[in-house]
Amino acid sequence: MSDQQVVKVQRRAAERILSGHVWVYASDMADAGSALPGATVQVTDPRGRFLGTGLYSSTSQIAIRLISREHVEFNRAVLTGRLQRAANYRLPITAGTSAYRAVFSEADHLPGLIVDRYGEWLVVQMLTQAMDAASPEIVAALEEIYQPSGIVLRNDAPVRAKESLQRVVEVRGEVPEMVEVAMNGLRWIADLRHGQKTGLFLDQRENYLAAANFARGAALDCFTSTGGFAIHLASKCDTVEAIDASEPSLEKAAANARLNGVENVAFRMANVFDALAAHAAKRNEFDVIVLDPPAFAKSKAAIDKAISGYKE
């Protein structure tokens, strides 16, 4: 392990790590030494006691993301092992669906890596310096495990700017402009190259089903995007009003509704805040309301404005 740089963190960061936290913030760094962007580092407390192995970022406010409480190398073998465990873990819980989140960053001990599976295709996001540097090894391991027809590297997320990384989209293999997948017994069209996130909001897959369990009567789905909640609610509700400010998203949502023979969802382009105010003024009532807004507080500076938005 002699090639790994030793970095020291302040006592408060050490205490958080010992209590289970897996991040070290830049403000809690004591000495980064000569660690390079994306490097694998040994993390110690101010007295030099070993705390774990982490991935270092030279520019993000999250300076270190732990990958183990032990001494480990972040190499092809470790990557492949963790990706394979993630694949095996999800096999029992993805029956009846061909679209699901296959790798979920810290949850799979691969911080900064997102892998979404869309049938024969994979969409990958590498959101940190370390994952970006390991791109060739990650792609090779994914090809070995899943043998996909194609892989889309959706490295166009705005958060990459915090890591001083370029925003690019790359395609490996054959990937059509649109793909059809099955999710929760419904059919969906996904734009893997240009759609929001990776094409669909696969991290909401279980939440769609949970929301449908409460659905009845008249429903209102705010920030509907490609219609995920609205179409799941449709089979349990008399009517569903689905609102979004993006015309392209609403066009995709309507296409997904038609694909499933759903006719009781009215898609409406509007600013959600204005639409809610109008409903309140008219004393309109709904039996179920889904509020799934985009993140309002993407930085500390946005907290006050975000609180105002959430309150409204």
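These legends describe close-up views of a predicted model. Local features need pLDDT of at least 70, side-chain atom pairs count only at pLDDT 80 or more, and totals for chains, interfaces and linings use all residues. Residues are numbered from 1 along each chain as its sequence is written, and side-chain values use heavy atoms, without hydrogens and water.

**View A. Helix 2 crosses helix 4.** Helix 2 spans residues 76-90 and helix 4 residues 135-146 (helices are DSSP runs of H or I, at least four residues, and strands are runs of E, at least two, numbered from the N terminus). Their axes come within 9 Å and cross at roughly 40° (axes are lines fitted to C-alpha atoms, for helices over the stretch in contact; angles run from 0 to 180 degrees between N-to-C directions). The crossing is right-handed (the near helix is turned clockwise from the far one by less than a right angle).

**View B. Contact residues of helix 2 and helix 4.** Helix 2 contributes Arg 76, Leu 79, Thr 80, Leu 83, Gln 84 and Ala 87. From helix 4 come residues including Glu 137, Ile 138, Leu 142 and Tyr 146. Contact means heavy atoms within 4.5 Å.

**View C. The open sheet.** Six strands run in the order 2-6-5-4-1-3, with mixed pairing (two strands pair if DSSP finds at least two bridges between them). Strand 2 (23-25) and strand 3 (29-31) stand at the edges, each with a single partner strand, so one side of each lacks a neighbour in the sheet. Neighbouring strands are turned by 40° against each other on average, direction ignored.

**View D. Strands 5 and 6.** Strand 5 (residues 50-56) pairs with strand 6 (residues 62-68) in the antiparallel sense over four bridges. Gly 54 stands opposite Leu 66 in strand 6.
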